[in-house]
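Welcome! Please take a moment to look over the sequence and the 3D view before reading on.

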Amino acid sequence: MQKVLFDKKAEQMGDFHIYYQKRDSNVVTFAVCTIELDIPYIQERMRNMKPVAGEVLLWNWRYNSPLRIPYDKIKKLTPLSAVLKNDR
């Protein structure tokens, strides 16, 4: 996925399911993520994490940890509201 497209979709969704290909593998997996890293809880746990060119830095609620994914490994984004069916 292109960075511009990812940024636009992620901004609209807030929290989302992200489907991505694992590094050094053909396995596609998912995470429940947010791009909003300014939350104090998240900031406290990401003190040493820095953005890297060509990758997006997210917070993975599924494993309660940071997640760094290359943009070209992202397959699909689904708004969390669609999964929860709360129409937000």
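This report walks through the sheet, its strands, a helix that lies across it, and one residue.

## The sheet as a whole

What you see here is a predicted model. A good place to begin is its open sheet, in which 5 strands are arranged in the order E4-E3-E2-E1-E5 with antiparallel pairing. At the edges stand strand E4 (65-70) and strand E5 (74-79); each has a single partner strand, so one side of each is left without a neighbour in the sheet. On average, and with direction ignored, neighbouring strands of this sheet are turned by 35° against each other.

As background, strands of a sheet pair through backbone hydrogen bonds, and they can do so in a parallel or an antiparallel way.

## Strand E3 and its partners

Let us move to strand E3 (55-60). Here 6 of the 6 residues are buried, so E3 is largely enclosed by the rest of the structure. From E3, Glu-55, Leu-57 and Trp-59 point one way, while Val-56, Leu-58 and Asn-60 point the other way, and all are buried.

E3 pairs with strand E2 (residues 28-34) in the antiparallel sense over 2 bridges. In that region, Asn-60 of E3 has Cys-33 opposite. With E4, the antiparallel pairing of E3 runs over 6 bridges, and Trp-59 stands opposite Pro-66 in E4. E3 and E4 also form a hairpin, with 4 residues between them. If you follow the chain through this turn, you will come across Asn-64, which has a positive phi of about 50°.

## The E1 and E5 side, with helix H1

Which strand pairs with E5? It is strand E1 (residues 15-21), joined to E5 in the antiparallel sense over 5 bridges. To find the pairing in the view, look for Tyr-19, whose bridge partner in E5 is Lys-76.

Helix H1 (residues 3-13) lies across E1, E3 and E5. Relative to E5, H1 runs at about 20°.

## A closer look at Val-83

Finally, try picking out Val-83, which is found in helix H3 (residues 80-84). Is Val-83 buried, exposed or partly exposed? Its relative accessibility is 38%, and because of this Val-83 counts as partly exposed.

Leaving aside neighbours within four places in sequence, Val-83 is in contact with His-17 and Thr-78. Another residue to locate is Thr-34, which is 49 residues apart from Val-83 along the chain; the C-alpha atoms of these two are separated by 14 Å.

Notes. Residues are numbered from 1 along each chain as its sequence is written. This is a predicted model: local features need pLDDT of at least 70, side-chain atom pairs count only at pLDDT 80 or more; totals for chains, interfaces and linings use all residues. Side-chain values use heavy atoms; hydrogens and water are left out. Buried means under 20% relative accessible area, exposed over 50%, partly exposed in between (1.4 Å probe, protein chains only). Contact means heavy atoms within 4.5 Å. Two strands pair if DSSP finds at least two bridges between them. Axes are lines fitted to C-alpha atoms, for helices over the stretch in contact, and angles run from 0 to 180 degrees between N-to-C directions.
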